[in-house]
Amino acid sequence: MLLKDKVAVVTGAAQGIGRAIAETYAREGARVAVVDVQKEGADEVAAAIRDAGGEALAVTCDVSSRVAVNQAAGLVKEAYGPIDVLVNNAGITRPAMLHKMTDEEWDRVLAVHLSGSFYWLQAVVHDMIAQESGRIIFSSSSTAQNGSIGQINYAAAKSGMLGMVRSAARELGRYNILVNAVAPAAATEMTLKVRTDPRFADAVKRLPLRRHAEPEEIAPTYVYLASDASSYVTGQVISVDGGGMMVR
């Protein structure tokens, strides 16, 4: 088992890529905190992990609230001890063309992706510094590198996460804390509108693999970045996009 006895927090873990990460981590021996704003979803995923023989704790948390994040981190540490792996995966979309986008649509997306990631980063980093080890993984997006029509808020948020990754990697490397990002292509219900929009119908045909991803195909990259196999990898962005970066 690649993550045996590691304590891992996965935000946005009630569905999609987050759920696939949480379940894969549990199969690799981690004790997983399934963190999500949707209580029923988090409970269901944690129960499924336990039914499969893994160890999991459901934690309800709105990542855009620092108070909620600190409370959630405290619950995880009370149950399992210091956090070894943080996956900043929670995300939302509020699609709109830029000239029609409201302040609420802009602010909410940045609050979840950027502020939420920063709050969780601060919530775990002190213990990681004390134990001189840790893995922090951000879920960015191919949209951060290429942009997307009707997603200027999402693209800006995911691009901002890459700046956070590189800055944190520089600051925390001396403590053996590795900080990286995964940039998946569209693969979940959250991106269903984009994947089914006729304006993007030809995009998937240009991919070398000529199909969209499944969440289970993306999760193993998060295992790699959380494990000892990536012990000399930090400040990096790994694209898991079916070769999309080659054809933009």
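A salt bridge is taken here as a side-chain nitrogen of Lys or Arg within 4 Å of a carboxyl oxygen of Asp or Glu. The model is predicted, so that local features need pLDDT of at least 70 and side-chain atom pairs count only at pLDDT 80 or more, while totals for chains, interfaces and linings use all residues. Residues are numbered from 1 along each chain as its sequence is written, and side-chain values use heavy atoms, with hydrogens and water left out.

**Exercise 1. Determine which residue forms a salt bridge with Asp62, and where the two partners lie.**

Step 1. The partner of Asp62 is Arg108, and the closest N and O atoms of this salt bridge are 3.6 Å apart.

Step 2. This pair links distant parts of the chain, with Asp62 in the loop between β3 (55-60) and α3 (66-80) and Arg108 in helix α4, 46 residues apart. Helices (H or I, at least four residues) and strands (E, at least two) are DSSP runs, numbered from the N terminus.

Step 3. For the accessibility of each partner, buried means under 20% relative accessible area, exposed over 50%, and partly exposed in between, with a 1.4 Å probe and protein chains only. Asp62, at 27% relative accessibility, is partly exposed, and Arg108, at 28%, is partly exposed as well.

**Exercise 2. Describe the salt bridges of Lys39 and of Asp228, and place them among those of the structure.**

Step 1. The structure holds six salt bridges, and Arg19, Glu23 and Glu44 are linked in a network of them.

Step 2. Lys39 pairs with Asp43, with 2.8 Å between the closest N and O atoms; both residues belong to helix α2 (residues 39-51), where they are four residues apart, about one turn of the helix. Asp43 is partly exposed, its relative accessibility being 30%.

Step 3. Asp228 pairs with Arg135, and here the closest N and O atoms are 4.0 Å apart. The pair links distant parts of the chain, since Asp228 is in the loop between α9 and β7 whereas Arg135 is in strand β5 (residues 134-139), 93 residues apart.

Step 4. Asp228 is exposed at 62% relative accessibility, whereas Arg135 is buried with a relative accessible area of 8%.

**Exercise 3. Examine the geometry of helix α4 and say what follows the helix.**

Step 1. Helix α4 covers residues 103-131, 29 residues in total, and reaches 41 Å from its first C-alpha to its last, close to the 42 Å expected at 1.5 Å a residue. That expected span is 1.5 Å times one less than the number of residues in the helix.

Step 2. A kink of about 35° in α4 is centred on Val125, where the bend at a residue is the angle between axes fitted to the seven residues ending there and the seven starting there.

Step 3. After α4 comes Glu132, whose phi is positive, near 55°.

**Exercise 4. Work out the surroundings of Ser230, Ala157 and Val237.**

Step 1. Ser230 is found in the loop between α9 (215-226) and β7 (237-240) and is buried, with a relative accessible area of 1%. Contact means heavy atoms within 4.5 Å. Leaving aside residues up to four places away in sequence, Ser230 touches Arg135, Leu178, Tyr224 and Leu225.

Step 2. Ala157 is in helix α6 and is buried at 0% relative accessibility. Apart from residues up to four places away in sequence, Ala157 touches Val109, Leu110, His113 and Leu114. Its C-alpha atom is separated by 10.0 Å from that of Asp107, 50 residues apart along the chain.

Step 3. Val237 lies in strand β7 and is partly exposed at 22% relative accessibility. Not counting residues up to four places away in sequence, Val237 touches Gln145, Leu162, Arg166, Ala181 and Ala183. The C-alpha atoms of Val237 and Ser140 are separated by 8.3 Å, although these residues are 97 residues apart along the chain.

**Exercise 5. Summarise the chain as a whole.**

Step 1. The chain comes to nine helices and seven strands, and buried residues make up 50% of its 248 residues.

Step 2. Among contacts in the chain with a separation of 6 or more, 72% are accounted for by residues 24 or more positions apart.
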